[in-house]
Amino acid sequence: MKVTKLVSTCDIKDCPTICATDRGTFLVQGETPTDHGLQIPAHETLVEIPMELIQKAIRDNLI
């Protein structure tokens, strides 16, 4: 899979980030919340990213 970084909230490795793949999908890096109370299937996960990251991606016409 080819991954292209689209937008991040900082320049270091461990910040919320949105990447595009050559599969026509997005990868999202963010915090793993534990207090959500949802039942998530074993093959899925949740990540939490700041709204500012989505706003920046939209403002920059990346998504």
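Where is Asn61 found? Hi everyone, let's start with that one. Asn61 sits in the segment after α1. What we have here is a predicted model, so please hear everything that follows as computed from that model. Back to Asn61: this residue has a positive phi of about 55°, although it is not a glycine. Asn61 counts as exposed because its relative accessibility is 68%, and exposed here means over 50%.

Now let me step back to the overall layout. The protein has one helix and three strands, and from the N terminus on the order is β-β-β-α. Taken along the principal axes, the C-alpha atoms fill a box of roughly 35 × 25 × 20 Å. The chain has 63 residues, and 17% of them are buried. For those of you who like contact statistics, take the contacts with a separation of 6 or more: 27% of them join residues 24 or more positions apart. The accessible surface comes to about 5000 Å², and carbon and sulfur atoms hold 52% of that.

Let's go inside for a moment, with Thr17. Thr17 is in strand β2, which covers residues 17-21. Is Thr17 buried or exposed? With a relative accessibility of 6%, Thr17 counts as buried, since the cut-off for buried is under 20%. What does Thr17 touch, leaving aside neighbours within four places in sequence? The contacts are Lys5, Val7, Ser8, Leu27, Val28, Gln29 and Leu53. As a distance to keep in mind, the C-alpha atoms of Thr17 and Thr45 are 16 Å apart, with the two positions 28 residues apart in sequence numbering.

Val7 and Ser8 come up again with Lys56. Lys56 has its place in helix α1, and, not counting residues up to four places away in sequence, Lys56 touches Val7 and Ser8. Its relative accessible area is 30%, so Lys56 is partly exposed.

That brings us to charge. There are 6 positive and 9 negative side chains, and the centres of the two sets lie 10 Å apart. Which residues form the negative surface patch? They are Asp14, Glu31, Asp35 and Glu48. Asp14 comes from the loop between β1 (3-8) and β2, and is exposed, with a relative accessible area of 60%. Glu31 comes from the loop between β3 (26-29) and α1 (51-59), and is exposed as well, at 58% relative accessibility.

How do those acids sit relative to the lysine in the helix? From Lys56 to Asp14 the C-alpha separation is 18 Å, for residues 42 apart along the chain. From Lys56 to Asp35 the C-alpha atoms are 26 Å apart, with a sequence separation of 21.

Last stop, the nonpolar side of the story. A nonpolar surface patch of about 490 Å² is made by Phe26, Val28, Val47, Ile58, Leu62 and Ile63. Val28 is a name you have heard already, as one of the contacts of Thr17. Ile63 lies in the segment after α1, where we also found Asn61. Its relative accessible area of 45% is why Ile63 is classed as partly exposed.

So that is the tour, and we end back in the segment where we began. Thanks for listening, and do shout if you want to look at any of these residues together on the screen.

Conventions: Residues are numbered from 1 along each chain as its sequence is written. This is a predicted model: local features need pLDDT of at least 70, side-chain atom pairs count only at pLDDT 80 or more; totals for chains, interfaces and linings use all residues. Side-chain values use heavy atoms; hydrogens and water are left out. Helices (H or I, at least four residues) and strands (E, at least two) are DSSP runs, numbered from the N terminus. Buried means under 20% relative accessible area, exposed over 50%, partly exposed in between (1.4 Å probe, protein chains only). Contact means heavy atoms within 4.5 Å. Accessible areas come from the Shrake-Rupley method with a 1.4 Å probe; for residues, only the protein chains shown count as cover. Lys and Arg count as positive and Asp and Glu as negative; His and the chain ends are not counted. The place of a charge is taken as NZ of Lys, CZ of Arg, CG of Asp or CD of Glu. Patches are made of residues with over 30% relative accessible area and no salt bridge: like charges are joined within 9 Å, nonpolar side chains (Val, Leu, Ile, Met, Phe, Trp, Tyr) within 5 Å. A salt bridge is a side-chain nitrogen of Lys or Arg within 4 Å of a carboxyl oxygen of Asp or Glu.
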